[in-house]
Amino acid sequence: MKPLIMTVAAAGEIASGLSPDAIPSSARLFVSNQPSVDILLAAGDGEDAQRIIVMRSENDAELIVPEHLSTRRSDVVSRMTNFAERARTPGPLSLPTHWHQYKHNRYIAFFAVPPPEVNRSRWIAEVLSNKRSDVVFWAATTSKREVQLEEFEAANAVELPDFDEEWSIAFAAAAAHFEQERRTEPVDVEVRLRIRENSVAKGWSYEQWMEAVDDDQRAFITADPGKSIRLRGPAGSGKTITLTLKAIREMLRAKERNEDIRVLVATHSWSIATEIDQIVDAMGFGSTPELDVFPLLEVAQNMAPIYSENGAGSSLVGDDSYSGKREQLDQIREVLADFTSGDWITYRDATSEALRSRLDSSEPTHRTALAWDLLVEFGSVLGAARIWPGAGSDLRYYKVPRAAWMLPLAGRADMRVVYEIYCRHMASLDERQLVTSDQVLSDFLGFLQSRNWNRLRRSHGYDLVFVDEFHYFNPLERQVLHYLTRDVAVYPKIFMAMDPRQSPSLDFLGSAADQTTSLGESDSPDDDQVANFELTSVHRFTPQILTLVKHIHHNFPTFDLGQDWDIDFAGIESARSAGSLPVLISCGTRAAEEIDIYRAVRDLYSHGRIAVAVVDTRQWDRFSALAARLRQGKFHVSIITSQADTDSLRNRHHGVVVGPAEYLAGLQFPSAIVAGIPEISADPQAVMERTRFLSLLYLAISRAEEKVHILVNDDDGGAPGVLRDAADKGLVVAARGSEV
Ligand SMILES: Nc1ncnc2c1ncn2[C@@H]1O[C@H](COP(=O)(O)OP(=O)(O)OP(=O)(O)O)[C@@H](O)[C@H]1O
């Protein structure tokens, strides 16, 4: 096979489990088949991006990694990406010890994949001495066919061809492709009108909306902006539209009074920011310079000149894409492997039995679960408290009281182990010139707390700050919000819309953390400074879907998470007319489930856009391969693995959107097919996992406006208890699907 060149961003998508067959459906990837090379690029890549060149001379069928490693593709590509990032960092190349690197002249060999891998394959790679530090993966050896680097050098007479011209052609084609995707909008006026009517804004003017809002919505919109307001409501209750109407109303009132006003609507993702922009546009106000709508991270990057200078050259890890999250998890798994094969022995005896058994286990699923918990600990505990590695930081960490939602750690010895792994994780990010969004925001907060900002605040701050998706904001981000207002003399006025249940563990912990005093420094105003409003009508979906959503809601474990979580679901009603009951289809095998999903897509296709929402991302590779097959079946299929991807979908009226459930947040579809549902354990030890899966199931089902099809299969344990109960209560129609 001819060589393949990909960028780090493109490789990241493959590392997140995307099947190579699904590349044409991915909103983020573009492949260009040139005469002497295939080139895989991601949206946002620059022409001068570093290149990962894979020689593929021994490949027959597998497109990305050595043939014998195709079952471990994600892990192999994750390590390749890690290697490329290390290669481009100035200074000598350093690789983790457990990669067992070996160098000879320009070649470097290292294990291609973490254990278990019986062949112990090693890559033979090279870092080119060009400006971009391109990397070449020449070949992979196995223990059966061990090739010493010296022998390889002697035998490898291949000169690396010059791919520059083909790269430029591919790059131009990719730019045109992504631009086209962004703009795809039907040319037919009639269709365009229908789409406008279908969007969240429905094509209604501000006045029409003010007529249409329900009493709860109106109460919030007309409330006195003299103090902060929290708006809570379940999925589909109109939080986004209501918050936007309030922002517009305050802006119009200030204009009437000839007052100068600056309003910020902060979101967690670009997709919601774009949606709010579109709602404002659709209402026909023309240009609104007094209204800024941005993700908070963007505000940080725009507003902190100090940070952007320091941050130059580093890239952000763990942005709002699935590949970013996967990358952090893989990175922590690598650090764990290094730690347990080395210094762990010196900590081991002092740690608790519970933590010891987790670190001792080499079972990949246990390792991943531990990496998840550490990721949460690093972000929501250490990052949120702005504890960065350095002298005395360990002592600050040991003082953080433990709360029920945190990783269970028995005492200081356990915390010392976690802190050590944290320091290694941060060092490893440094080695790859990566920064986390928590680091960006922590630096930003430092800037906002400076005297400089105190002076600038009057001119650059905002009079009113609105926050949609508040449930996604961690304590660090919440603190940032408080410094963005203009008037230092009064409490910051913040209007926030939230639904904590939509936020899978990683992020919702932010709300939990807000309730703990442990993290200190929180500037949250006292509760009497905040007025609470509730939305009690759901406008997105039918009463039948709402009944199922309520049932799932009652299955959430009861944490003592404070008032944010105390939504009284009993009083919530659907404002839509009745529809059909959701359907639960149990199939004999995974393959049978895929056949039935295909059939469901075929049956629902003429009914409007369909979401295929995957609850458990561990099954993502399987469903991304299914997306490729649906596409071959002549359906229009888009894969969504980042909240930014959703922009290109807003104007599409038909087609299938396949993605991990959490990346479908904020979107709505006439029909939703929900699949990849794991067993949801009732084990009290697994309470975090249970919450995460229930949250994702809730998110997935609540994307639908009219029809919900839920598919499960016997290979994966059939329907989880929460859905079996729903069937017993007659909330879903349970049916047996295909057997094989
Ligand atoms: N008063 C209303 N009358 C008619 N339709 C409404 C009303 N309020 C909201 N909607 C519609 O309900 C749908 C859901 O609205 P929106 O996206 O604002 O809800 P949300 O609470 O932000 O949802 P989620 O939390 O799931 O993102 C949209 O199609 C919106 O146009």
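**Exercise 1.** In this predicted model, determine which domains the ligand lies between.

*Solution.* Begin with the domain assignment, which gives domain 1 (4-181), domain 2 (200-305 + 439-474 + 491-538), domain 3 (315-435) and domain 4 (580-736). Next, ask which of these supply the shell around the ligand: domain 2 and domain 4 both give residues to it. The ligand therefore lies between domain 2 and domain 4.

**Exercise 2.** Describe the shell around the ligand by its nearest residues, its main contributing element and its residue classes.

*Solution.* The shell holds 21 residues, of which Ala 235, Gly 238, Lys 239, Thr 240 and His 539 come nearest. Helix 8 (residues 239-256) provides the largest share, three residues. Sorted by class, the shell comprises 11 polar, five nonpolar and five charged residues.

**Exercise 3.** Test whether the length of helix 22 (residues 543-554) agrees with its number of residues, and state which of its residues are buried.

*Solution.* The helix has 12 residues, and at 1.5 Å a residue these should span 16 Å. Its end C-alpha atoms are 17 Å apart, which agrees with the expected span. For burial, the criterion is 20 or more other C-beta atoms within 10 Å of a residue's own. Gln 544, Ile 545, Leu 546, Leu 548, Val 549 and Ile 552 of helix 22 are buried.

**Exercise 4.** Characterise the contact between domain 1 and domain 4.

*Solution.* The C-alpha centres of domain 1 and domain 4 are 33 Å apart. Their contact draws 14 residues from domain 1 and 15 residues from domain 4. On the domain 1 side, the residues divide into six polar, four nonpolar and four charged.

How values were computed
Residues numbered from 1 in each chain as written. Predicted model: local features only at pLDDT ≥ 70, side-chain atom pairs only at ≥ 80, totals over all residues. Near = placed C-beta within 6 Å. Helix = DSSP H or I, 4+ residues; strand = E, 2+ residues; numbered from the N terminus. Nonpolar A, V, L, I, M, F, W, Y, C, P; charged D, E, K, R; others polar. Domains from an automatic or database assignment. Expected span 1.5 Å × (residues − 1). Buried ≥ 20, exposed ≤ 12 C-beta atoms within 10 Å, placed from the backbone. Contact = placed C-beta atoms within 7 Å.
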